[in-house]
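This briefing introduces one structure to a reader who has not met it before. Please look through the sequence and the model first, then read the points below.

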Amino acid sequence: MNVESIIAEKGRHVVTVGPGSLLGDIVSLLSEKRIGAVVVTEGEAIRGIISERDIVRMLARDGAQALARKASEAMTARVITCSPADTIHQVMQQMTSGRFRHVPVLHDGRLAGIISIGDVVKRRIEEVEREAEQIREYIATA
Ligand code: AMP
């Protein structure tokens, strides 16, 4: 199973903000959309990614004043991305070694979706359940 099959099912829309967006507004956006991260873009260019963890870090450092800071001050600028052809296994490895839970999908240099750890775990559980069912059927008919 690959990244394309996930975004074909869940959708290719990615919630984005500009580098000048305020953290207070991003908190509202994350809550409203029920997501954990947004991609920071300028036109079509990806400038960074900002997750709830980055906002918590700023809040711990600056208190409530952090909410008036800009996305560009809290984001991670070196964004690790994947392509539609990558396997779920490859994306799981990226998340594990990089210790993050979101990977934007790039197709021909353009944002084409985002994979979260929840998407990966859901597909992996489905795969394991399917394999177990096949083994059960095989044993029952052997
Ligand atoms: P997360 O686990 O996704 O909430 O993110 C944990 C940390 O990794 C935060 O500092 C994020 O900005 C950063 N991060 C999340 N996704 C990525 C990514 N795809 N590439 C690089 N950094 C990321």
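A polar contact is a pair of N or O atoms within 3.5 Å. By that cut-off, serine 51 makes such a contact, with a polar side-chain atom 2.8 Å from an oxygen atom of the ligand. The model is predicted. Its chain has six helices and five strands, and the ligand has 15 residues around it.

**Contacts with the ligand**

- Among the residues that surround the ligand, the closest are Ser51, Asp54, Thr76, Arg101 and His102.
- Aspartate 54 places a polar side-chain atom 2.5 Å from an oxygen atom of the ligand.
- For histidine 102, the distance from a polar side-chain atom to an oxygen atom of the ligand is 2.6 Å.
- On its own the ligand has 480 Å² of accessible area, and the protein covers 93% of that area.

**The site around the ligand**

- The ligand takes up the space of the largest pocket.
- Three elements give two or more residues each to the shell around the ligand: strand S3 (45-51), helix H3 (52-62) and strand S4 (102-107).
- Sorted by class, the shell holds six nonpolar, three polar and six charged residues.

**The three-stranded sheet**

- Three strands form an open sheet in the order S1-S2-S3, and their pairing is mixed.
- Strand S1 (16-17) and S3 are the edges of this sheet and have a single partner strand each, so one side of each has no neighbour in the sheet.
- Strand S2 (residues 37-42) pairs with S1 in the parallel sense, over two bridges.
- Threonine 16 has valine 39, in S2, as its bridge partner.
- Strands of a sheet pair through backbone hydrogen bonds, and the sense can be parallel or antiparallel.

**The hairpin of S4 and S5**

- S4 pairs with strand S5 (residues 110-116) in the antiparallel sense, over six bridges.
- Opposite proline 104 stands isoleucine 114, a residue of S5.
- Two residues lie between the strands of this hairpin, and aspartate 108 takes a positive phi near 55 degrees there.
- S4 is also one of the elements that give two or more residues to the shell around the ligand.

**The chain as a whole**

- Along the sequence, the helices and strands follow the pattern α-β-α-β-β-α-α-α-β-β-α.
- Taken along the principal axes, the C-alpha atoms of the chain fill a box of roughly 65 × 35 × 25 Å.

Conventions:
Residues are numbered from 1 along each chain as its sequence is written. This is a predicted model: local features need pLDDT of at least 70, side-chain atom pairs count only at pLDDT 80 or more; totals for chains, interfaces and linings use all residues. Side-chain values use heavy atoms; hydrogens and water are left out. A residue is near a molecule or strand if one of its heavy atoms lies within 4 Å of it. A polar contact is a pair of N or O atoms within 3.5 Å; within protein, one must be able to donate a hydrogen and the other to accept it, and residues adjacent in sequence count only if both atoms are side-chain atoms. Accessible areas come from the Shrake-Rupley method with a 1.4 Å probe; for residues, only the protein chains shown count as cover. On a 1 Å grid over the protein atoms alone, a cavity is a set of points where a 1.4 Å probe fits but cannot get out, and a pocket is an open set with protein on both sides within 12 Å along at least five of seven lines; lining residues have an atom within 4 Å of a point. A molecule sits in a cavity or pocket if more than half of its atoms lie within 2 Å of its grid points. Helices (H or I, at least four residues) and strands (E, at least two) are DSSP runs, numbered from the N terminus. Ala, Val, Leu, Ile, Met, Phe, Trp, Tyr, Cys and Pro count as nonpolar, Asp, Glu, Lys and Arg as charged, and the others, Gly among them, as polar. Two strands pair if DSSP finds at least two bridges between them.
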